[in-house]
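Biologist: Got a minute to walk me through this one? I'd like to begin with the sheet.

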Amino acid sequence: MTGIRRAAVAAVLALALSLPIAAAAGPASAAPLPAATAAPAATAAEAAAAQLDLPRPTGRQPVGRSTLHLVDRDRPDPWVPSAGARQLMVSVYYPARPGTGGPATPYLTAEEARLLLDLQVPGGNVPSEAATGLHPWARTDARPAPGRFPLVVLSPGFTLPRATLTGLAEDLAARGYVVAAVDHTYETSGTTFPDGRTLTCAVCQDLTEAKIAAVPPSRAQDISFVLDQLTGPRAAWPHAHMIDRDRIGLAGHSIGGNSAATAMAADRRIRAGVNMDGKFFDPFPADGLGGRPFLLLGTQADHNSSGWDTSWNEAWTRMDGWKRWLTVTGSNHGTFTDGPLIAARAGLPDPGATLAPLRASKLTRAYVGAFFDLHLKGVPQRLLDGPSAGYPEVVFQQA
């Protein structure tokens, strides 16, 4: 493998460790950390951090959640062909009737949490409660609210489970969206299926440049299949009547953000897309997206002519519809996920990110929500017109 290829693979591996826990561990993370270092006796600051939890959704609607196991019998698994048909786990969040549904589904299974944290801090002995202790707001299988709502699909970062976008998913649902968060099987640290199996990251084995480039097109197929299952004549979700098939959006983090553009190019049903801090390993379509809107929301210094990733510059020139390029002062790659909350609960905040976890969550929800409110609901959003005194961290790079 050439030096260029090694650099590409190293870059995606660096971004795969998206939660700030990994950055906090630093170069010593390859060696086992003593238990006392990974999980020290609680100080006042750590006790306060342990109280960090998913913020209450900002919208007016209560939120329900359904979990779907989808099987694409027309497509073999792209990463493990011997596994047979492609199978996906999807969490569907939706506006619900008050006082209905069962207790919230746990944030992650114990095995999913262990695998996620072991990948982020190898040998660090970070207690799984740092992730499993987060408390979602959505009520399990709650009765749906009346009406029809836009659909937003969420695609997580490479190696990250769909749960790491729970805060954003719940907030969008409370604002009046149906939200489908997708686990891309064999690309996550661990995905648990209804039969109890937890499948790990097959793509991570012998990772090559060719595998990296193949991820966004594969995810585009996953996303189109999910849309078929949610909006087709034989919908897999019993409340599919809630979905307005003419108002569909897609947002992704890291390589999930790259996949948003790839999926939009392949599927005209998707009307608007968001890339949250994802390098375009699969280049932005040369002929644009047919005038459809796209939002770039990322870190302050990485995605520019002097940063390590110049793919956003090329993508910007190819965008042929409404577009914004926003960067967030004090952010890092995991800012746009629940990662900062998990890291703070583990007592391992990232010194490279000065944005507080709850502030990061508020900001991400505000701008992603405003984007979809504008382009899927047609509601004007002053927040997207220029800098805001309420969010001084957000810089309009190319607006």
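Modeller: Sure. This is a predicted model, to be clear. The sheet is an open one of 10 strands, running β3-β1-β2-β5-β4-β8-β9-β10-β11-β12, with mixed pairing.

Biologist: Which are the edge strands?

Modeller: β3 (139-140) and β12 (394-396), and each of them pairs on one side only.

Biologist: Let's stay with β3. In what sense does it pair with β1, and over how many bridges?

Modeller: Parallel, over 2 bridges; β1 covers residues 63-76.

Biologist: And what's the bridge partner of R65 in β3?

Modeller: T140 is the partner of R65.

Biologist: What about D141, where is that found?

Modeller: D141 is in the loop between β3 and β4 (149-155). Its phi is near 50°, which is a positive value in a residue other than glycine.

Biologist: OK, and D206? What's phi there?

Modeller: Near 55°, so that's another positive value in a residue that isn't glycine.

Biologist: Where does D206 sit, and is it buried or exposed?

Modeller: D206 belongs to the loop between β7 (198-199) and α8 (209-231). It counts as exposed because its relative accessible area is 66%, and the cut-off for exposed is over 50%.

Biologist: Switching topic: how many cavities of 30 Å³ or more are there?

Modeller: The structure holds 1. The largest cavity has a volume of about 70 Å³.

Biologist: Which residues lie nearest its centre?

Modeller: L168, F336, T337, D338 and S361, out of 13 residues that line the largest cavity.

Biologist: How does that lining divide into nonpolar, polar and charged?

Modeller: There are 4 nonpolar, 7 polar and 2 charged residues in the lining.

Biologist: Which helices supply at least two residues each?

Modeller: α7 (166-174) and α12 (357-377) both do. The largest share of the lining comes from α12, with 4 residues.

Biologist: Last bit, the whole chain. How many helices and strands?

Modeller: The chain has 12 helices and 12 strands.

Biologist: And how much of the chain is buried?

Modeller: Buried residues make up 57% of the 399 residues. As for the surface, the chain exposes about 15500 Å², and carbon and sulfur atoms supply 55% of that.

Biologist: What share of the contacts with a separation of 6 or more comes from residues 24 or more positions apart?

Modeller: Those residues account for 75% of such contacts in the chain.

Terms used:
Residues are numbered from 1 along each chain as its sequence is written. This is a predicted model: local features need pLDDT of at least 70, side-chain atom pairs count only at pLDDT 80 or more; totals for chains, interfaces and linings use all residues. Side-chain values use heavy atoms; hydrogens and water are left out. Buried means under 20% relative accessible area, exposed over 50%, partly exposed in between (1.4 Å probe, protein chains only). Contact means heavy atoms within 4.5 Å. Accessible areas come from the Shrake-Rupley method with a 1.4 Å probe; for residues, only the protein chains shown count as cover. On a 1 Å grid over the protein atoms alone, a cavity is a set of points where a 1.4 Å probe fits but cannot get out, and a pocket is an open set with protein on both sides within 12 Å along at least five of seven lines; lining residues have an atom within 4 Å of a point. Grid points are joined across faces, edges and corners, and a volume is the space filled by probe spheres set on the points. Ala, Val, Leu, Ile, Met, Phe, Trp, Tyr, Cys and Pro count as nonpolar, Asp, Glu, Lys and Arg as charged, and the others, Gly among them, as polar. Two strands pair if DSSP finds at least two bridges between them.
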